[in-house]
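Colleague: I would like to go through this chain with you. Can we take it piece by piece?

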Amino acid sequence: MLIALIARDKPGALQTRLDNREAHIAYLKDTGVVSQAGPLLNEGGEMIGSLIILDVADMQAAQDWAANDPYARAGLFSGVELIPWKKVI
């Protein structure tokens, strides 16, 4: 099951993102369920959130994955959406 994780950073939390980026990227690679991932950017090109496509068994697995993301554990996000997604292209 593909799930789009869309997370928005808390305002002014860029340093939290940078401080936890290495652990977050290792988590993306090590968990084996990330199909695609990258930061959301503002008009100035600054990172303001995340878009991650998870390939998991079910929504509970996506919720568990999201809760254990180092960014989430650091309190980076103001909100996280998990939305079932269908790849067309």
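Modeller: Let us begin with an aromatic pair. Tyr71 and Phe77 are both buried. Bear in mind that this is a predicted model.

Colleague: How are the rings of Tyr71 and Phe77 arranged, stacked or edge-to-face?

Modeller: The ring centres of Tyr71 and Phe77 are 6.0 Å apart. Planes over 60 degrees apart count as edge-to-face. Here the planes stand at 85°, so the pair is edge-to-face.

Colleague: How many aromatic pairs does a search of the whole structure find?

Modeller: The search covers the whole structure, and the number of aromatic pairs it finds is 2.

Colleague: What is the arrangement of the rings of Tyr27 and Trp65?

Modeller: Their centres lie 4.7 Å apart. Planes under 30 degrees apart would be stacked, and over 60 edge-to-face. The planes of Tyr27 and Trp65 are at 35°, so this pair is tilted.

Colleague: How far apart in sequence are the parts that the pair of Tyr27 and Trp65 ties together?

Modeller: Tyr27 sits in helix α1, residues 14-31, while Trp65 sits in helix α2, residues 59-68. Tyr27 is buried at 17% relative accessibility, and Trp65 is buried at 5%. The pair therefore ties together parts whose separation in sequence is 38 residues.

Colleague: Which residues of α1 are buried?

Modeller: Buried means under 20% relative accessible area. What covers the buried residues of α1 includes β1, β2, β3, α2, α3 and β4. The buried residues themselves are Arg17, His24, Tyr27 and Leu28.

Colleague: Which side chain does Asp9 join in a polar contact?

Modeller: Asp9 lies in strand β1, residues 2-9. Asp9 counts as buried because its relative accessibility is 11%. Among the residues that Asp9 touches are Met47, Leu76 and Phe77. The polar contact is 2.7 Å long, and the partner side chain is that of Arg17.

Colleague: How far apart are the end C-alpha atoms of α1?

Modeller: With 18 residues at 1.5 Å a residue, α1 should span 26 Å. The model agrees with that expectation, as the end C-alpha atoms of α1 are apart by 24 Å.

Colleague: Where is the kink in α1 centred?

Modeller: Just after α1, Gly32 takes a positive phi of about 75°. The kink is in α1 itself. It is about 55°, and its centre is Arg21.

Colleague: Which residues does UniProt list for the domain?

Modeller: The unreviewed UniProt entry names it "domain: YCII-related". Over this stretch the chain is 37% helix and 38% strand, with end C-alpha atoms 9 Å apart. The record lists residues 1-86.

Notes
Residues numbered from 1 in each chain as written. Predicted model: local features only at pLDDT ≥ 70, side-chain atom pairs only at ≥ 80, totals over all residues. Heavy atoms only, no water. Helix = DSSP H or I, 4+ residues; strand = E, 2+ residues; numbered from the N terminus. Buried < 20%, exposed > 50% of the residue type's maximum accessible area, 1.4 Å probe, protein only. Polar contact = N/O pair within 3.5 Å; in protein donor to acceptor, adjacent residues only side chain to side chain. Contact = heavy atoms within 4.5 Å. Phe/Tyr/Trp six-rings, centres within 6.5 Å; stacked < 30°, edge-to-face > 60°. UniProt positions renumbered as here; feature names shortened; annotations may be inferred. Expected span 1.5 Å × (residues − 1). Bend = angle between axes of the 7 residues up to and from the residue. Lists of a residue's contacts leave out its neighbours within four places in sequence.
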